[in-house]
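Q: Please take one part of this model and look at it closely, in an order that a first-year student can follow. After that, please set the part in its surroundings.

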Amino acid sequence: MFLTRLLKPRITASAHCDLPCGVYDPEQARIEAESCYKIIEKYNASSDEQFKTRAILIKEERAELAKHHIDVLWSDYFKPEHVQKNPEITELCWKAAKQCSKVKGSLDIADARTLLEMIDKIADVWTKAGGPQATRVAKAVAARA
Amino acid sequence: MEPALRAGDWILVSSLSRPPRVGEIVLVRDPRDPANLILKRVAAVADGACTVLGDRLEESTDSRTFGPVPLANVLGRALLRYGPVGRIGWLW
């Protein structure tokens, strides 16, 4: 016991500065953006005022979530070496986050479509950067199909 | 820094008798918060500063975030992992 006390380190250093789970996938943002797209479709097809009010509320919430997921990709996943190889990623994320704000306040399906396309471009960079292998846990074979 | 360093490891650090070399693990002051000490691996030494990287690039916060660390803030070199018993081993 004396020896343990004697040898016990006196200074604590960390070797790991943050503890992210390390899982990043633009699909998370896409699913929220798809929700916005479908909600706008349903809103425009409905004449039920109550339904339409709820649709607006839920769409705003989903658009905010899409924005959050884009932000996480941008600030946590993409590292300087990714930006060096794919300089367009800065503007893609910035514009996509802005488009989320637009979709939040819009009932135009074209705005939601634009957001989906922007997220797909981010996903292209993520794939090129090796994101699927580096960040995702492989699925069981049956679920992959 | 896994698997070289894990939370709870006991590390013997020597003060620097010479500038650190690429590949060595060094104890540095976090440039963002000098009270915080961190252990990272040297990736380059140039112009009186040391670029340090974590072994797990995907998850590490290192010189890619906080830039090179001035040699004055490199406090020592990790020599030995002396605990826990099952993980005892040299670090250089």
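A: A helix axis is here a line fitted to C-alpha atoms over the stretch in contact, and the angle between two axes runs from 0 to 180 degrees between their N-to-C directions. With that in hand, we can turn to helix α3 of chain A, keeping in mind that the model is predicted.

Helix α3(A) covers residues 49–77, which is 29 residues, and from its first C-alpha to its last it reaches 41 Å, close to the 42 Å expected at 1.5 Å a residue. The chain that holds this helix has eight helices and zero strands, and buried residues make up 27% of its 145 residues. Of the contacts in chain A with a separation of 6 or more, 73% are between residues 24 or more positions apart.

Which residues of α3(A) are buried? They are Ala55(A), Lys59(A), Arg62(A), Ala63(A), Ala66(A), Lys67(A), His69(A), Ile70(A), Leu73(A) and Tyr77(A). These buried residues pack against four other helices of chain A, namely α2 (27–45), α5 (88–105), α6 (109–128) and α7 (131–135).

One of these partners, α5(A), deserves a slower look. The axes of α3(A) and α5(A) are 8 Å apart, and the two helices pack at an angle of about 170 degrees. Angles over 145 degrees count as roughly antiparallel, and therefore α3(A) is roughly antiparallel to α5(A). The residues where they meet divide into ten nonpolar, one polar and five charged. On the side of α3(A) the contact is made by Glu60(A), Ala63(A), Glu64(A), Ala66(A), Lys67(A), Ile70(A), Asp71(A), Leu73(A) and Trp74(A). On the side of α5(A) the residues are Cys93(A), Ala96(A), Ala97(A), Cys100(A), Ser101(A), Val103(A) and Lys104(A). Ala63(A), Ala66(A), Lys67(A), Ile70(A) and Leu73(A) appear in this contact and are also among the buried residues of the helix.

Just beyond this contact we can follow the chain to Ser106(A), which lies in the loop between α5 and α6 of chain A. Ser106(A) and Glu60(A) are 46 residues apart along the chain, and their C-alpha atoms are separated by 9.1 Å. Is Ser106(A) buried or exposed? Ser106(A) has 18 other C-beta atoms within 10 Å, and so it counts as partly exposed.

The surroundings also include a second chain. The contact between the chains takes 13 residues from chain A and 13 residues from chain B. On the side of chain A that touches chain B there are eight nonpolar, three polar and two charged residues.

Chain B is built from one helix and seven strands, and from the N terminus on its elements run β-β-β-β-α-β-β-β. Buried residues make up 28% of the 92 residues in chain B. In a regular strand the side chains alternate between the two faces of the sheet. Strand β1 of chain B, residues 10–14, shows such an alternation, with Ile11(B) and Val13(B) pointing to one face and buried, while Trp10(B), Leu12(B) and Ser14(B) point to the other and are not buried. This strand pairs in the antiparallel sense with β6(B), residues 74–83, over five bridges, and the bridge partner of Trp10(B) in β6(B) is Gly83(B).

Gly83(B) also leads to a feature of the backbone. Most residues other than glycine have a negative phi, and most peptide bonds are trans. The peptide bond from Gly83(B) to Pro84(B), however, is cis, with omega near -5 degrees, and Pro84(B) lies in the loop between β6 and β7 of chain B. A cis bond is also found from Glu2(B) to Pro3(B), with omega near 5 degrees, and Pro3(B) is placed in the segment before β1 of chain B.

The loop between β3 and β4 of chain B holds Asp47(B), which has a positive phi of about 50 degrees although it is not a glycine. Asp47(B) counts as exposed because it has 9 C-beta neighbours inside 10 Å. Gly48(B) is placed in the loop between β3 and β4 of chain B, and Gly48(B) is exposed, with 10 other C-beta atoms within 10 Å. Gly48(B) touches Pro70(B) and Leu71(B), not counting residues up to four places away in sequence. Between Gly48(B) and Leu71(B) there are 5.6 Å in space, C-alpha to C-alpha, for two residues that are 23 residues apart in sequence.

Note on methods
Residues numbered from 1 in each chain as written. Chains lettered and ligands numbered in written order. Predicted model: local features only at pLDDT ≥ 70, side-chain atom pairs only at ≥ 80, totals over all residues. Buried ≥ 20, exposed ≤ 12 C-beta atoms within 10 Å, placed from the backbone. Pairing = 2+ DSSP bridges. Contact = placed C-beta atoms within 7 Å. Nonpolar A, V, L, I, M, F, W, Y, C, P; charged D, E, K, R; others polar. Expected span 1.5 Å × (residues − 1). Parallel < 35°, antiparallel > 145°, perpendicular 65-115°, else oblique.
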